[in-house]
Amino acid sequence: MEMPERYGPYETVQQERREDFLTVWRARSPSGAEGRLYWFDVRGPEARAVFFRFRKALKALSALGVLPEGLEISAKPGQYYVFWPSCEAPSALPAKGRKVVREVGRILEALRPLGFALPDLDLRLNEDGVRVAALDPLSDHDEAEIERLGGRFLRALPSARPGRGNRAASWVPGLLLAVLGLWLFAAGSARYLNPPEFTIPDLRGQDPRTALEAVKNMGLKVTFTMASEPDRPRDLILEQNPPPGTRVKPGRALELVLNRPKDGRVPPLAGQPLSDAQRTLEEAGYLPGAAATGYSEEPEGTVLASAPPADAPLPQGATVRLLTSDGPAPRKTVLPELTGLNLEEARYLISVAELRLGEVQTLPSPQPEGTVLAQSPPAGVALDVGSPVVVTVAGRGEVLLPEQGFMAPPAPQETPPETPATQTEAPPPPDLAPGERIVPIRVPLPASGTQAPVHVRLVVADDGGESTPIDTFAQGGSTLEGSVRVKGDARFKLYLDGFLYQEWTSPAP
């Protein structure tokens with residue numbers, strides 16, 4: 001079953017809409033409340049401007065008391081969202097009754113400076129009056145369109161009705177005022193009937209004083225809202241609405257988003273699983289850093305501490321590093337001496353030491369088959385409980401050698417003149433002394449199981465003393481061939497990688 005995604009503290013149920021930087025989900029809050037989650041991917045000026053315009057609209061609606069209970073707004077770094085709880089009341093449109101019409105008009109009047117119109121709203125009617133069940137964040141209308149779409153409700157407001165003034169006490173002052181008014185109208189008709197337009201400059205990245213100086217002659221209604229961007233300077237203008245380059249007339253509202261990084265405190269995280277602690281940090285407006293580990297009696301993956309520590313003051317958006325448990329430290333044991341034992345005895349001692357038998361390598365040897373010739377690691381080493389131990393045991397091997405070599409024939413005697421030359425024996429080879437012989441050797445080397453060469457050493461003791469005619473390296477699995485010159489009885493000892501592989505005697509004939 002596919003697990004639901006989490007955005008901040010909310011569990012998503014179904015995606016309803018995705019457009020540019022806005023995603024709308026059917027979601028569930030930690031308390032179980034159902035609603036819509038408006039998630040903004042604020043990575044550019046356009047997305048930032050739309051989010052803060054939307055937030056300002058929600059504040060205006062909140063002042064009217066028409067938002068559902070439980071609505072939440074977040075402007076933390078990386079977590080720009082609005083959770084809008086569901087409202088199950090019936091629709092308020094078409095409006096019935098003067099009271100409902102006026103309430104709808106109040107809502108439209110509050111949203112008019114921000115560019116929202118009647119079709120952008122989902123209005124519901126319950127026993128407490130009109131409630132706003134939804135507002136489209138991406139909608140933006142000009143003044144004429146707002147009036148066209150919701151003029152009926154806007155005109156129903158008391159402020160839209162013309163008031164009754166007192167009649168003049170006499171007609172003379174009225175005439176004078178009329179003349180003066182006509183003169184003023186003639187003098188300033190161009191300005192008042194056709195007010196000048198201004199192009200809003202780019203104020204982002206400026207401080208408030210510089211920004212106000214740049215627009216002071218435009219007659220704009222400047223308001224400031226706050227945002228928190230810890231990685232940028234304090235009191236820096238992050239965004240503006242309307243955006244740079246917009247043509248406006250005097251009296252238009254200009255919203256400037258001012259950076260006021262919030263200092264929070266690191267939440268307590270010790271004892272939480274790593275995933276829960278990371279989620280807690282994100283919800284508090286912090287970035288989880290790389291997690292270090294250490295041995296502890298706490299279960300593996302449990303958070304032991306944070307840096308900075310819990311309750312330490314820290315600007316939102318900063319990184320918090322975590323220390324997690326690797327579980328209890330492994331116990332140690334000492335590897336006993338295994339050489340000289342058979343494999344079963346070695347296996348038993350390894351298990352008693354709470355270790356485990358690893359790879360078993362076989363090396364041909366004159367030792368009884370299965371005798372442990374070597375161990376890795378060596379005896380006496382402290383190891384973690386459960387570590388593997390590699391042993392090398394003796395196996396069978398065979399060296400093909402003749403018992404005797406080729407003897408030199410005895411020295412020739414003088415042939416009597418009467419003896420035919422064809423009857424004399426052949427002379428000995430010129431390089432063999434009397435009594436010497438040559439013993440050929442052919443050694444098939446066992447495969448070592450590795451790519452390392454085998455050290456081959458042959459020691460020969462005969463009537464002439466002891467010598468080492470072969471001391472070399474050869475590849476395992478190959479055959480080593482050669483011959484050895486001996487005199488009299490000869491005793492051979494063949495060593496492979498330092499172990500006595502085979503010994504034999506070649507008696508003189």
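This passage describes the overall make-up of a predicted protein model, then helix H3 and strand E10.

To begin with the whole chain, the protein has 509 residues, and 36% of them are buried. Its secondary structure comprises seven helices and 30 strands. Among the contacts with a separation of 6 or more, 67% are between residues 24 or more positions apart. The protein exposes about 29,300 Å², of which 52% comes from carbon and sulfur atoms.

Helix H3, formed by residues 143-154, is a good place to look more closely. Its end C-alpha atoms are only 12 Å apart, whereas a straight helix of twelve residues would span 16 Å at 1.5 Å a residue. Five names make up the buried set of H3: Ile146, Gly150, Gly151, Phe153 and Leu154. Helix H2 (98-111) is included in what covers these buried residues.

Strand E10, which runs over residues 221-227, holds Thr225 as well as Met226. The two residues are usefully viewed side by side. Thr225 has a relative accessible area of 12% and is therefore buried, the cut-off being under 20%. Leaving aside residues up to four places away in sequence, Thr225 touches Phe52 and Arg55, together with Glu255, Leu256, Val257 and Leu258. Met226, by contrast, has a relative accessible area of 38%, so this residue counts as partly exposed. Met226 also contributes to a nonpolar surface patch of about 230 Å², made together with Leu212 and Phe224.

How values were computed:
Residues numbered from 1 in each chain as written. Predicted model: local features only at pLDDT ≥ 70, side-chain atom pairs only at ≥ 80, totals over all residues. Heavy atoms only, no water. Helix = DSSP H or I, 4+ residues; strand = E, 2+ residues; numbered from the N terminus. Expected span 1.5 Å × (residues − 1). Buried < 20%, exposed > 50% of the residue type's maximum accessible area, 1.4 Å probe, protein only. Contact = heavy atoms within 4.5 Å. Patch = residues over 30% accessible without salt bridge, like charges linked within 9 Å, V, L, I, M, F, W, Y side chains within 5 Å. Areas by Shrake-Rupley, 256 points an atom, 1.4 Å probe, with all protein chains shown as cover. Salt bridge = Lys/Arg side-chain N within 4 Å of Asp/Glu carboxyl O.
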